[in-house]
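Please read this report on the fold, the strand pairing and one pocket of a single protein chain. The sequence and structure come first.

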Amino acid sequence: MRETLHCSNGQDETRVTRAFGWVVTFRDFPVGSYQTVDGGAMQTEALTYFTKGRAEFYLDGERRKDRVPGVLSSEHEVVGEGGTFTLKYVEPTTRVCIPGNINKNQLPVVQQLDLKRGDRMLVPVGFRALVCLGSVKVGDRTFKEESHFSVVTAASTVEALSDRVLLLDFSRSISPRS
């Protein structure tokens, strides 16, 4: 079986951006699209973060926990686990992916943050985040989905402006090195 992690069945749309030196993709999967991966033949590790929709997840044909907004792959999959993984997209789904193979075979250390409209958090200088869903206000600036921000001069308040906001905190990561 060939790895199809990066091509699905041709129905997905991919947008590519950079955040703090890392190549990041936002992929939209319509209902009916799928991915099948031979875990033993995987050529790359990747960090994935589901932000919209739902995908059924199967390992060797056995259904496991669905992938829904807020599921971060590093918290739910054992890296290097063999077997055949299948994702069946049963709702329109968006997934953020940071693939190791185009990031010098490295993955960032990230922490997910899940906020509701009106939530506020004080963040220190050095805080760096990618907005994966929704929008936030930092000081007098607004950052929308697929954008990133850094706090560089003084501690700031991050306020969630959307019903749900999903952020990936890159504060503990350094840019990929060769």
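V37 has F85 in β7 as its bridge partner. Here strand β3 (residues 34–38) meets strand β7 (residues 84–89) in the antiparallel sense, over 5 bridges. Strand β5 (residues 55–59) also pairs with β7, again antiparallel and over 5 bridges. In that pairing, F57 is matched with L87 in β7. Strands count as paired if DSSP finds at least two bridges between them.

This is a predicted model, in which local features need pLDDT of at least 70, side-chain atom pairs need pLDDT 80 or more, and totals for chains, interfaces and linings use all residues. Numbering runs from 1 along each chain as its sequence is written, and side-chain values use heavy atoms, with hydrogens and water left out.

**Overall fold**

The chain has 0 helices and 16 strands. Both are DSSP runs numbered from the N terminus: helices are H or I with at least four residues, strands are E with at least two. Of the 178 residues, 47% count as buried. Buried means under 20% relative accessible area, exposed means over 50%, and partly exposed lies in between, with a 1.4 Å probe and protein chains only. The chain exposes about 9000 Å², and carbon and sulfur atoms supply 49% of that area. These areas come from the Shrake-Rupley method with a 1.4 Å probe; for residues, only the protein chains shown count as cover. Among contacts between residues at least 6 apart in sequence, 72% join residues at least 24 apart. A contact means heavy atoms within 4.5 Å.

**Strand β16**

How many residues of strand β16 (residues 164–169) are buried? The count is 5 of 6, so the strand is largely enclosed by the rest of the structure. Two antiparallel pairings involve β16. Strand β9 (residues 111–116) is joined to β16 by 6 bridges, and L115 partners V165 there. Strand β11 (residues 128–133) is joined to β16 by 4 bridges. In β16, D169 stands opposite A129.

**Two positive phi values**

Most residues other than glycine have a negative phi. The residues below have positive values.

| Residue | Phi | Loop | Relative accessibility |
|---|---|---|---|
| F20 | near 60° | between β1 (13–19) and β2 (22–29) | 11%, buried |
| D60 | near 50° | between β5 and β6 (62–63) | 55%, exposed |

**The second largest pocket**

Rolling a probe the size of a water molecule over the atoms shows where empty space is left. On a 1 Å grid over the protein atoms alone, a pocket is an open set of points where a 1.4 Å probe fits, with protein on both sides within 12 Å along at least five of seven lines; lining residues have an atom within 4 Å of a point. The second largest pocket has a volume of about 160 Å³. Its lining includes V138, R141, F143, F149 and T153. Strands β13 (141–144) and β14 (148–150) each give two or more residues to this lining. By class, the lining holds 7 nonpolar residues, 3 polar and 1 charged.

Where does T153 sit? T153 lies in the loop between β14 and β15 (156–160). T153 is exposed, with a relative accessible area of 73%. V125 is 28 residues away from T153 in sequence, yet their C-alpha atoms are 6.2 Å apart.

Notes
Points joined across faces, edges and corners; volume = space filled by probe spheres on them. Nonpolar A, V, L, I, M, F, W, Y, C, P; charged D, E, K, R; others polar.
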